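Let's take a look at how two chains meet, and then zoom in on a couple of side chains. The structure comes up first, and the notes follow.

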Amino acid sequence: VPDPVTHLCTALLPMSLTGSRFTPVLALGAVLPDLCSRLPSTSLDILIRAGAPVPRWAPHLFTPMHMPYGALLGCLILALLFHERERAAILGWLVAGVALHFGADVLQDHHGEGYRLLFPFDLGKYELGWIGSEATVAWAPWLALVTAVAWGLRYFALQKAKSATN
Amino acid sequence: VISDRYRSAVGAVALFLLIAGSAYWTWRMENRPEGYWAALEAPAAWDGREVTLSLFAVESIDDDGHYVLRKSDRRALVEGQTADLRVGDELYVKGAFRASDGRIVETWRVVAEDRPGKWKLAAAALLFLAAALPWWFTVREGRLALRA
């Protein structure tokens, strides 16, 4: 996967132009597959390496959350936790964030180890191989800076507009 | 379908499908090994075939051109150049499986140099989310809600 900072910025940077109140939902969707899959499975891997009594199969349990199958079900379950009046919009923005996530993921090249996008119907591995798996590390801090500046400018423009109105 | 009327039923079905998918995947990974792990199960059938290891960490290096890679609790034995390898490096390796000793004879290798940087960025993103999520979302009337 590209690093999570890049994933967050792919959602937050374009949304600085719109300032939509659903920006946090898109950002959450953009990191949801990593939060629900990579984070727990890597944590369990670390415990296994440290000799903790964790079954070796346990990290696999979370892998489907990093596939469209699990991520979309996760979006649905998460959306159901919100109020009914906002639920459809929340679900739509979460799914858009997850789509952004996988869109960024498949750009990478893992030398034959791609993403199983069609699980459970097909176990083939897919990726475009356009960028290296660590390529985003170099530009992520700059992307984060540009994103922060974009939101900062938006915040100050809003403050200025508010004070002009008052 | 996602209205409050069907919320419990839809949630239960989604949760069931998620658990079933996870259980199937876990079963498959443990019982239908792929690549190097399949080769270890049926060495003769895999002798000479190409296998790939993705992002395995170097656990130990021998002087005789052999090294051991590890991911989680799985280890892979590799034969190849060791001069520029360091313990802890994360690698992509391609090579031919050798049935006689269960080793991969390395034909191609790339060190994922920026892997530590990626871990640092992941930690930074987690810290950001830990601060941002309570600022973005709240609980209102027993349900999650966006803050204004």
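## Where the chains meet

In this predicted model, 57 residues of chain A and 50 residues of chain B make up the contact. Putting the two chains together buries about 4,900 Å², and carbon and sulfur atoms give 69% of that area. On the chain B side, B:Ile2, B:Trp25 and B:Leu146 lose the most area to chain A. Together those three make up 15% of what that side buries.

Why quote an area for an interface at all? Because the size of an interface is often given as the accessible area lost when the parts come together.

## Charges and polar pairs

There's polar chemistry to look at here too. Between chain B and chain A there are six salt bridges. One of them pairs A:Arg87 with B:Asp4, and the closest N and O atoms of that pair sit 2.8 Å apart. Counting residue pairs in polar contact, with both partners at pLDDT 80 or more, gives 16 between the two chains.

Which parts of chain B supply at least two residues each to the side that touches chain A? They are helix 1 (7-31), helix 4 (115-136), strand 1 (50-61), strand 4 (90-98), strand 6 (137-140) and strand 7 (143-146). Helix 1 of chain B gives the most, with 15 residues. Sorted by type, this side of chain B has 25 nonpolar, 16 charged and nine polar residues.

## A tryptophan in chain A

Now for A:Trp151, which you'll find in helix 5 (residues 136-165) of chain A. Its relative accessibility is 27%, so A:Trp151 counts as partly exposed, since that class runs from 20% to 50%.

Leaving out residues up to four places away in sequence, A:Trp151 touches A:Leu12, A:Met15, A:Ser16, A:Gly19 and A:Thr23. Take A:Leu12: A:Trp151 is 139 residues away from A:Leu12 in sequence, yet their C-alpha atoms are 8.4 Å apart. A polar atom of the A:Trp151 side chain also lies 2.8 Å from the backbone oxygen of A:Leu12.

## An arginine in chain B

Over in chain B, B:Arg109 belongs to strand 5 (residues 103-111). Is B:Arg109 buried or exposed? With a relative accessible area of 18%, B:Arg109 is buried, because the cut-off is under 20%.

What does the side chain of B:Arg109 reach? One target is the backbone oxygen of B:Gln81, at 2.5 Å. The side chains of B:Arg109 and B:Asp84 are also joined by a polar contact of 2.8 Å. Setting aside residues up to four places away in sequence, B:Arg109 touches B:Gln81 and B:Asp84 along with B:Tyr67, B:Leu85, B:Leu91, B:Tyr92 and B:Val93.

Conventions: Residues numbered from 1 in each chain as written. Chains lettered and ligands numbered in written order. Predicted model: local features only at pLDDT ≥ 70, side-chain atom pairs only at ≥ 80, totals over all residues. Heavy atoms only, no water. Contact = heavy atoms within 4.5 Å. Buried area = accessible area lost by both parts, 1.4 Å probe. Salt bridge = Lys/Arg side-chain N within 4 Å of Asp/Glu carboxyl O. Polar contact = N/O pair within 3.5 Å; in protein donor to acceptor, adjacent residues only side chain to side chain. Helix = DSSP H or I, 4+ residues; strand = E, 2+ residues; numbered from the N terminus. Nonpolar A, V, L, I, M, F, W, Y, C, P; charged D, E, K, R; others polar. Buried < 20%, exposed > 50% of the residue type's maximum accessible area, 1.4 Å probe, protein only.
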